Amino acid sequence: MRQLGTVTVSRSWVFLLAVLVGACTGSATVPSPTPKPVLITQPDQAVARVILAEPRLAGLTAFDPNLIGLSSWYTVTPASGVGAFVVEVRVGWGDCPAGCISEHKWTYAVLPDGVVSVVSESGDAVPPEAWPSQGAGRTGIAGTATAGPVCPVEKNPPDPACAPRPVAGAVVVIRDASGKEIGRVTTARDGTYFADVPAGGYVIEPQPAQGLLGTPGPTSVVVTDGATSQVDLAYDTGIR
C-alpha cells in the first residue's frame, strides 16, 4: 500500500470550505458586529451612567447652594489626567429644610469607556420613600412648607440654626382652573407634600397653620404629563 503525503490546507481554504458547507446546510456563520465603545466626555453623560448603575437615583438634581432644603443632589468634577469624572451623590431625608436629619453619600468614578465604580459610600440606610426616583415620572404637584424667620436678627453669613423650619400638618387645598376644590393634602413631618393630579392647570391654596401668623397666598401652577411641578410654601412666624 502506498502512503499518501501530508496535505497542508491554508486558512483561506478552510474558511471557504466552512462557507460552502453552511450554504449546503442552509445556514452560514456570520461574524458578530463589534459593539461600539462608550465614550464619556461630558459631566451629564457621567451622571447618566451612575443613574444607569443605580436606577433609584433617577430624578436626581445638581447641587445648588442657593436652594434651602434640597434633600438630594449630585456634583461632578473631572478626574485630573485620566479623562474620567468623579460624581458625588447625596440623598437626605428628615427635616431637610433644616439640613436633613439623615443622609447617605456615594462617590462614584466614571471612566471614559463608561465603566462605573463606587469609590466610597457612607451614611444611614436609605428608606424607600427617600430615593429620588420616588418623584421621577410622577404626574402631580410637590413642595415643601417652611416657616420663617426663626431668629429675630438675620446674620450674614446666614446661621444654619436660623434657617426656616418645616411646617408639619399644614393643609393644602388644590383647585382646578374653574376654582372647584378637587382635593387637599397635609404636609408631612419634614414639611413636604405631594398631590397626584392629572395634567392641567391648578391653584394651590395653603390653609392657615396653627401657631403661625402669615399664610402663603394662592399659587397657580401648570402640571404636565409625566412630570412633578414644584410649589414651595413659605409661612410667616411673625418673629421680628
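**View 1. Exposed and buried faces of helix α2 in the predicted model.** D44 and L52 are exposed on one side of α2. The helix spans residues 43–53, and its buried residues are A46, V47 and V50. These three lie on the same side of α2 because they cover an arc of only 100 degrees around the axis. An α-helix has 3.6 residues a turn, so residues three or four places apart point the same way.

**View 2. Packing of α2 against strands.** The buried residues of α2 pack against β1 (72–79), β2 (84–93), β3 (102–110) and β4 (116–123).

**View 3. The largest nonpolar core.** This core has 20 residues, of which I141, V167, I204, L233 and Y235 touch the most other members. At least two residues each come from β5 (140–148), β7 (171–176), β9 (192–196), β10 (200–206), β11 (219–223) and β13 (233–236). The strand that gives the most is β5, with 3 residues. Apart from this core lies another, of 18 residues, which includes A46, V47, V87 and W106. A46 and V47 are also among the buried residues of α2.

**View 4. Surroundings of I204.** Neighbours within four places in sequence are left aside here. The contacts of I204 are then I141, V172, V173, I174, Y193, G217, P218, T219, V221, V231 and L233. Of these, I141 and L233 are, like I204, among the core members that touch the most others.

**View 5. The cis peptide bond at P149.** The bond from G148 to P149 is cis, with omega near -5 degrees. Most peptide bonds are trans. P149 sits in the loop between β5 and β6 (165–166).

Key
Residues numbered from 1 in each chain as written. Predicted model: local features only at pLDDT ≥ 70, side-chain atom pairs only at ≥ 80, totals over all residues. Heavy atoms only, no water. Core = buried A, V, L, I, M, F, W, Y, C linked by side-chain atoms within 4.5 Å. Buried < 20%, exposed > 50% of the residue type's maximum accessible area, 1.4 Å probe, protein only. Helix = DSSP H or I, 4+ residues; strand = E, 2+ residues; numbered from the N terminus. Contact = heavy atoms within 4.5 Å. Arc of directions from axis to C-beta.
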